[in-house]
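Here are some exercises to work through with the structure open beside you. Try each task on your own, then follow the solution step by step.

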Amino acid sequence: MRVLLVDDHPLILSALQTVIQGLGDDVEVQGVGSGRAARETLQRDANFDLVMLDLALGDASGFDLLSEFRQAYPALPVVVVSASDRASDVIRAIDLGAMGFVPKRASNETLFEALRVVMSGGIYVPPMTMGRNAEAAPAPADGDTEPGGYLRTVSGEAERSGYQMAPTLASLGLTPRQTEVLALLLQGQPNKLIARELGVSVETVKDHVAAVLRALGVSSRTQAVLAVSQMSRQHGGFQAWRTTQH
């Protein structure tokens, strides 16, 4: 596995490199200290399996860089590693296509779990974020009007269940086609690309997306990502669940 680390703090960059290389002998980690260096590295060689991106870079906005990488390298997953764990930052990162969000204060075990989830096709959102600053979270880019209300609901359910009793993905009752649509939706694919991938019309995709959102009890893609991330963490991951549906 090849990992590109982007962080402009040398000590943190070195520490993350050491931790990630501890995953196994087959893990290769390359660290760069700026947005410019990250761009140049990927332009020369985009054959990485994962990008880990700090939001606070001296020469670039981490959010802008995230959006840029997701558009230029759609098959390359990006995990945000940030000193912030504000709900507003998590929501914005997921809106822009991040496959995970790991606070820098998280333990090594949490980082390993996040990477495992992402590399198995899931999306990692730390449970601690769901109840933090929910009131202050701004409306996401996809037009949600009540993200705070949604996060409060998730937080309340999580606190009552200890994050152990979330409904399983299998209990949603999705059809095989809806399962495929959900998988592509979680990758941040727009309806047009989902339609092209599945060989169906955009209108058909819209119908499937609407059915998936209803099954999840949410009203937007971002809410779907957050909901699935909580479910899959407790029940073996989205990829494992998806495999059982076929």
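**Exercise 1.** Find where Gly-33 sits, and decide whether Gly-33 is buried, partly exposed or exposed.

*Solution.* Step 1: in this predicted model, look between β2 (28-32) and α2; Gly-33 belongs to the loop there. Step 2: take the relative accessibility of Gly-33, which is 42%. Step 3: compare this with the cut-offs, since buried means under 20% and exposed means over 50%. Gly-33 therefore counts as partly exposed.

**Exercise 2.** Which residues does Gly-33 touch, leaving out those up to four places away in sequence?

*Solution.* Step 1: search for heavy atoms within 4.5 Å. Step 2: read off the partners, Asp-7 and Asp-8. Step 3: now try Val-6, which is 27 residues from Gly-33 in sequence. From C-alpha to C-alpha, Gly-33 and Val-6 are 5.8 Å apart in space.

**Exercise 3.** Name the residues that touch the most other members of the largest nonpolar core, then list the contacts of Ile-20.

*Solution.* Step 1: the core has 68 residues. Step 2: those with the most contacts to other members are Val-6, Ile-20, Val-51, Met-52, Leu-53, Phe-69 and Leu-111. Step 3: setting aside neighbours within four places in sequence, Ile-20 meets Val-3, Leu-5, Val-27, Val-29, Met-52, Leu-111 and Leu-115.

**Exercise 4.** Is α8 mostly covered or mostly uncovered?

*Solution.* Step 1: count the buried residues of α8, and you get eight of eleven. Step 2: check some names; among them are Gln-178, Thr-179, Val-181 and Leu-182. So the helix is mostly covered. Step 3: move on to Gly-188, which follows α8 and has a positive phi, near 80 degrees.

**Exercise 5.** Describe the largest pocket and its lining.

*Solution.* Step 1: the pocket holds about 450 Å³ of space. Step 2: its lining has 22 residues, with Asp-95, Leu-96, Gly-97, Gly-188 and Gln-189 nearest the centre. Step 3: α3 (62-72), α4 (87-95), α8 (176-186) and α11 (221-234) each give at least two lining residues. Step 4: sorted by class, the lining is eleven nonpolar, seven polar and four charged residues.

**Exercise 6.** Which element has the lowest mean pLDDT, and which the highest?

*Solution.* Step 1: helix α7 (residues 147-161) has the lowest mean, 42, and helix α2 (residues 35-44) the highest, 96. Step 2: look around α7; over residues 128-166 the pLDDT is below 50. Step 3: apply the general rule that predicted coordinates should not be read in detail where pLDDT is low.

Methods. Residues are numbered from 1 along each chain as its sequence is written. This is a predicted model: local features need pLDDT of at least 70, side-chain atom pairs count only at pLDDT 80 or more; totals for chains, interfaces and linings use all residues. Side-chain values use heavy atoms; hydrogens and water are left out. On a 1 Å grid over the protein atoms alone, a cavity is a set of points where a 1.4 Å probe fits but cannot get out, and a pocket is an open set with protein on both sides within 12 Å along at least five of seven lines; lining residues have an atom within 4 Å of a point. Grid points are joined across faces, edges and corners, and a volume is the space filled by probe spheres set on the points. Helices (H or I, at least four residues) and strands (E, at least two) are DSSP runs, numbered from the N terminus. Ala, Val, Leu, Ile, Met, Phe, Trp, Tyr, Cys and Pro count as nonpolar, Asp, Glu, Lys and Arg as charged, and the others, Gly among them, as polar. pLDDT is the predictor's confidence in each residue, from 0 to 100. Buried means under 20% relative accessible area, exposed over 50%, partly exposed in between (1.4 Å probe, protein chains only). A nonpolar core is a set of buried Ala, Val, Leu, Ile, Met, Phe, Trp, Tyr and Cys residues joined through side-chain atoms within 4.5 Å.
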